[in-house]
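Here is a short tour for anyone opening this model for the first time. We'll look at a couple of helices, then at the empty spaces inside.

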Amino acid sequence: MRNEVTEAPDNTAVRCALWRAMHVRVDAPPHVLEDEVGLRLVDPGPDWPKRPDMDPEATRAFRAAMVARARFAEDLVAEQAGQGVTQYVILGAGLDTFAQRRPELAARLRVFEIDQPATQSFKRRRLTRLGYGVPEGLRLVPVDFEAGESWWERLAAAGFEPDRPAVIVSTGVSMYLTEDAIAATLRRIAALAPGSTLAMSFLLPAELLEAADRPGLRTSQEGARASGTPFVSFFSPQDMLALAREAGLENARHVPGSVLAERYFADRTDGLRPSSGEDFLMATV
């Protein structure tokens with residue numbers, strides 16, 4: 001029997017899940033995303049709001065950015081499902097809860113969540129314990145990246161049909177990958193069936209951030225380094241578009257984080273806005 005202590009998500013996945021819950025509990029409605037399922041998965045105990053990385057004021061812009069990118073991805077999936085796309089791949093899924101929160105939409109899709117084996121084992125166990133289970137349409141795909149496993153091969157083994165279009169979403173992942181690894185992923189996506197769509201977030205270099213957000217980026221970098229998962233890749237929008245087009249994604253385009261801010265936060269009266277610094281690469285095959 002495997003030791004459950006080793007079956008745990010990384011700190012980043014936990015923090016993101018808790019920030020999504022904090023948005024519901026601390027920020028005024030309307031909520032950009034309502035997600036307390038991740039909190040139940042983590043089960044951090046009653047004192048979790050007292051964690052230093054959960055300070056309600058210090059983390060306002062970060063949690064706003066977190067829910068904005070998740071909502072953006074889910075709006076894209078809903079749009080594509082409406083056009084007949086039936087496969088949804090989440091690269092670096094962490095403790096994503098789309099399938100649990102949006103069961104009526106997930107039922108129209110085959111959802112493939114790709115992440116490290118420890119995260120997937122933890123999530124499978126917690127979903128079962130909480131009564132959600134893992135339905136046929138949800139595929140938790142463990143990939144041991146450190147051992148050199150191919151996410152593409154594991155995805156195919158899990159039932160992905162490469163000759164059918166898919167939505168591929170990757171948020172909060174590219175900063176941990178080398179440029180070569182990102183380019184290899186983009187080349188693989190460029191070879192997907194016509195009608196497929198990619199949405200991938202990426203971090204801007206500090207000099208392109210608004211001045212007020214630069215200290216937050218430094219804090220995030222220091223925290224990531226201390227956790228053993230340092231940020232290694234930053235891109236200007238022009239460089240990211242060039243990388244995508246070199247990989248064969250000729251229809252690549254840039255979506256600034258400010259677009260998400262305007263779409264989801266424009267009419268708020270509490271001043272809640274996402275931090276700058278994380279933009280999206282969008283591409284169609």
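What follows is a walk through two helices, one pocket and the cavities of a predicted model.

## Helix α8

Let's start with α8, which runs over residues 179-190. How far apart should the ends of its 12 residues be? At 1.5 Å a residue, the helix should span 16 Å, and its end C-alpha atoms are indeed 16 Å apart, so the two values agree.

Now for the side that faces inward. I182, A183, T185, L186 and I189 are the buried residues of α8. Looking down the axis of α8, you'd find these buried residues within an arc of 160°, so they line one face of the helix. They have plenty to pack against: the strands β1 (87-91), β4 (167-170), β5 (197-203) and β7 (278-284), plus the helices α7 (151-157) and α10 (237-246).

## Helix α10

One of those partners, α10, deserves its own visit. Its buried residues are P237, M240, L241, L243 and A244. They take up an arc of only 160° around the axis, which puts them on the same side of α10. Among the elements covering these buried residues are α8, β5, β6 (253-255) and β7.

Flip to the face turned away from that buried side, and you'll meet Q238 and E246, both exposed. Carry on just past the end of α10 and there's G248, which has a positive phi of about 105°.

## The second largest pocket

Time for the empty spaces. Rolling a probe the size of a water molecule over the atoms shows where empty space is left. The second largest pocket has about 220 Å³ of volume. Its lining is made of 14 residues, and those closest to the centre are E210, G257, S258, P274 and S276.

Which element gives the most to this lining? That's α11, with three residues. Both α11 (257-265) and β7 supply at least two residues each. Sorted by class, the pocket lining holds five charged, five polar and four nonpolar residues.

## The largest cavity

Searching the whole structure turns up two cavities of 30 Å³ or more. The largest cavity holds about 80 Å³ of space. Around it sit A65, A68, R69, G257, L260, P274, S275, E278 and F280. You may recognise G257 and P274, which are also among the residues closest to the centre of the second largest pocket.

Here α3 (60-82) gives the most, with three residues of the lining. At least two residues each come from α3, α11 and β7. By class, that makes five nonpolar, two polar and two charged residues in the lining of the largest cavity.

## The second largest cavity

The second largest cavity comes in at about 40 Å³. Who lines it? The residues are R20, L33, D35, A70, E74, D96, T97, F98 and R101. Two elements, α3 and α4 (98-101), give two or more residues to this lining. By class, there are five charged residues in the lining of the second largest cavity, along with three nonpolar and one polar.

## Tying it together

A few elements keep coming back on this tour. β7 packs against the buried residues of α8, helps cover those of α10, and supplies residues to the lining of the largest cavity. Helix α3, meanwhile, contributes to the linings of the largest cavity and the second largest cavity.

Conventions: Residues numbered from 1 in each chain as written. Predicted model: local features only at pLDDT ≥ 70, side-chain atom pairs only at ≥ 80, totals over all residues. Heavy atoms only, no water. Helix = DSSP H or I, 4+ residues; strand = E, 2+ residues; numbered from the N terminus. Expected span 1.5 Å × (residues − 1). Buried < 20%, exposed > 50% of the residue type's maximum accessible area, 1.4 Å probe, protein only. Arc of directions from axis to C-beta. Contact = heavy atoms within 4.5 Å. 1 Å grid on protein atoms, 1.4 Å probe; cavity = no way out; pocket = protein on both sides within 12 Å on 5 of 7 lines; lining within 4 Å. Points joined across faces, edges and corners; volume = space filled by probe spheres on them. Nonpolar A, V, L, I, M, F, W, Y, C, P; charged D, E, K, R; others polar.
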